[in-house]
Amino acid sequence: GMLATCAIDKTIALWDTRDAGSDSKPFHCGNKDMGVGKLYSVAFYQSSPWLIGCGGSGNQVSLWNLASEKAFTNRFGDRIGKAGIQPEVTEEKTEDFEAMMAANDHAAAAAEAK
């Protein structure tokens, strides 16, 4: 599985828990400064596991689209792909947030209908 944590150091950390058990720890895959101050909350968007949101002390929220990060799609793509959800990587960044969320909701509903 993929686990996200956040901290007062202003970063989200991503962990691979596939091989974690009583004798091994999750693998740290990377982290990112989200630019919204100390972080107090992090969550994956329910129908898009490639999208992480966080809230911080700067009274703002920030989103991290993991689909644009090749290292993460390579590492987790086979597992998330089994759920019927594939990353949608596009070069164009003009799509607004609401349209992106509606498209992801539609894709998740289609995957559940199969």
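User: Before anything else, what is meant by a contact in a structure such as this one?

Analyst: A contact means that heavy atoms lie within 4.5 Å. The structure shown here is a predicted model. Among contacts in its protein chain between residues at least 6 apart in sequence, 43% join residues at least 24 apart.

User: Which elements does the protein chain have, and how do they run from the N terminus on?

Analyst: The elements run β-β-β-β-β-β-α-α. The chain thus holds 6 strands and 2 helices.

User: How should I read a sheet, and what is the order of the strands in the one that contains β1?

Analyst: One reads the order of the strands and the sense of their pairing. Here β1, β2 and β3 form an open sheet in the order β1-β2-β3, and the pairing is antiparallel. Since β1 (2–6) and β3 (27–33) stand at the edges, each has a single partner strand, so one side of each is left without a neighbour in the sheet. Neighbouring strands of this sheet are turned by 20 degrees against each other on average, direction ignored.

User: Over how many bridges do β1 and β2 pair?

Analyst: β1 and β2 pair over 5 bridges in the antiparallel sense. One example to locate is Ala 4, whose bridge partner in β2 is Leu 14. The two strands also form a hairpin, with 4 residues between them. In the turn, Lys 10 has a positive phi of about 75 degrees.

User: How many bridges link β2 and β3?

Analyst: Strand β2 (residues 11–16) pairs with β3 over 6 bridges, again in the antiparallel sense. Thr 11 has Asp 33 in β3 as its bridge partner.

User: Which strands stand at the edges of the sheet that contains β5?

Analyst: That sheet is open and has 3 strands in the order β4-β5-β6, with antiparallel pairing. Its edges are β4 (39–45) and β6 (61–65); each has a single partner strand, so one side of each lacks a neighbour in the sheet. On average, neighbouring strands of this sheet are turned by 20 degrees against each other, direction ignored. Strand β5 (residues 48–56) is joined to β6 by 5 bridges, and the two run antiparallel. Within this pairing, Cys 54 has Ser 62 in β6 as its bridge partner.

User: Finally, what share of the residues of the protein chain counts as buried?

Analyst: Of the 114 residues, 32% count as buried, where buried means under 20% relative accessible area. The accessible surface of the protein chain comes to about 7,400 Å², and 51% of that surface belongs to carbon and sulfur atoms.

Conventions:
Residues are numbered from 1 along each chain as its sequence is written. This is a predicted model: local features need pLDDT of at least 70, side-chain atom pairs count only at pLDDT 80 or more; totals for chains, interfaces and linings use all residues. Side-chain values use heavy atoms; hydrogens and water are left out. Two strands pair if DSSP finds at least two bridges between them. Axes are lines fitted to C-alpha atoms, for helices over the stretch in contact, and angles run from 0 to 180 degrees between N-to-C directions. Buried means under 20% relative accessible area, exposed over 50%, partly exposed in between (1.4 Å probe, protein chains only). Accessible areas come from the Shrake-Rupley method with a 1.4 Å probe; for residues, only the protein chains shown count as cover.
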